[in-house]
Amino acid sequence: MTDNYYNINETLTEILYKINQTYNTETDRINKCRVQGELFNVFDIVGLKVEEVRLHSALLAELLYPKGHHGVSSLFLKAFLRVIDEDEEFINCHHCSSNIKERYIGVKTKTEGGRIDIIIEDGNHAIIIENKIYAPDQDNQLLRYYNYGRTKFPNGFKLIYLTLHGSDPSCGSLGNKKFDYQTISYDNEIINWLEQCSELAKDKDNARIIINQYRDLVKKLTAKDMDEKYIAQLKEITLAPNNVKAVGEILKMQDVWIAEVQEKYIWQPLRDYAKCNAMKYGEDDNSFWIYKQEWQYYGIMIDYDKGWSIGIS
């Protein structure tokens, strides 16, 4: 073994020790916050954290609706339009339809129909939002919504694909077609917008409290809730000149480490569970599924091709 090997090995050990100490300190801080009630979040408590329809789409739609119960008229909507780089007069707030969430647009075919998560429209222009937390894309989903917008709002509409981290829609959702849409994320545009909404509702206590609770939940879902001091300490350790090479060695192992962790803590336990419960399972490079004979055509699938999603199919 070369001296360089031993030097890097010692540096790796020292880095991991320091990171572990920093992590333990942060864990202690979080536990203290929990004891003091600072992590109390009503949406988390009632089990709505990842409910796309019952929480996320419903609350976003209510905030965007100018006649909503938030009491700030069109201020939230105009702030959202600015966040997505649209003119704040694009939607005539005085003529907004109240049918804004889960709008049924007809029998679902390959090119039309389905239900739009959120639509803000005034009869002439529209903002159509497809909201994704963990649910997988449906075949031709964005294509169907685009065709609806093009047909119903020839004066102008914007189709938005909203995900946790700004992911692109699948080719299947686009129907293998090319058309205009905009991707936005919870961890960027939505958090930014919610911060603005909180300020706009500074004299509306009920609305502001709910917005802040929801913002905190979104930060948790998108891993944006890390303490700034903790982040700064991790940066100081990993970016120190003497540690750069060693950290580079760690990063080289990233894919191997992820694969080993998934195998040890996810896939093998799922295989063992299936065997112990007389269930069948299958897997390929991008997904894992588990099912019982009596379920006939249904099973539980975990898809990790473009982000993680769990569904029944």
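Hi everyone. Three helices, α1 (3-35), α7 (205-221) and α8 (228-238), each give at least two residues to the lining of the largest pocket. Please keep in mind that this is a predicted model.

Let me stay with that pocket for a moment. The volume of the largest pocket is about 710 Å³, and 22 residues line it. If you want to find its centre on your screen, look for Arg 29, Leu 39, Asp 216, Lys 220 and Asp 225, which lie nearest to it. What sort of residues make up this lining? By class, 12 are charged, eight are nonpolar and two are polar.

Now for the enclosed space. How many cavities of 30 Å³ or more does a search of the whole structure find? The search finds one, with a volume of about 30 Å³. Its lining has eight nonpolar residues, with no polar and no charged ones. They are Leu 60, Leu 64, Phe 80, Ile 118, Ile 129, Leu 162, Ile 190 and Trp 193. Here the elements that supply two or more lining residues are α3 (52-64) and α6 (186-200).

On to the sheet. It is an open one with five strands, in the order β1-β2-β3-β4-β5, and the pairing is mixed. Which strands stand at the edges? Those are β1 (101-104) and β5 (182-185), and each has a single partner strand, so one side of each has no neighbour in the sheet. From one strand to the next, the twist averages 40°.

If we zoom in on one pair, β2 (residues 115-121) and β3 (residues 126-131) run antiparallel and are paired over four bridges. As one example, Ile 120 has Ile 127 in β3 as its bridge partner.

Two helices meet this sheet. Helix α3 lies across β1, β2, β3 and β4 (157-163), at about 10° to β2. Helix α4 also packs on the sheet, where it touches β2, β3, β4 and β5, and its direction makes about 75° with that of β3.

Let me finish with α4, residues 75-83. Is this helix mostly covered or mostly open? It is mostly covered, with seven of its nine residues buried. The buried ones are Phe 76, Leu 77, Lys 78, Ala 79, Phe 80, Leu 81 and Val 83, so a lysine is listed among them. You have met Phe 80 already, in the lining of the largest cavity. After the helix comes Asp 85, which has a positive phi, near 60°.

That's my tour; thanks for listening!

How values were computed: Residues are numbered from 1 along each chain as its sequence is written. This is a predicted model: local features need pLDDT of at least 70, side-chain atom pairs count only at pLDDT 80 or more; totals for chains, interfaces and linings use all residues. Side-chain values use heavy atoms; hydrogens and water are left out. On a 1 Å grid over the protein atoms alone, a cavity is a set of points where a 1.4 Å probe fits but cannot get out, and a pocket is an open set with protein on both sides within 12 Å along at least five of seven lines; lining residues have an atom within 4 Å of a point. Grid points are joined across faces, edges and corners, and a volume is the space filled by probe spheres set on the points. Ala, Val, Leu, Ile, Met, Phe, Trp, Tyr, Cys and Pro count as nonpolar, Asp, Glu, Lys and Arg as charged, and the others, Gly among them, as polar. Buried means under 20% relative accessible area, exposed over 50%, partly exposed in between (1.4 Å probe, protein chains only). Two strands pair if DSSP finds at least two bridges between them. Axes are lines fitted to C-alpha atoms, for helices over the stretch in contact, and angles run from 0 to 180 degrees between N-to-C directions. Contact means heavy atoms within 4.5 Å.
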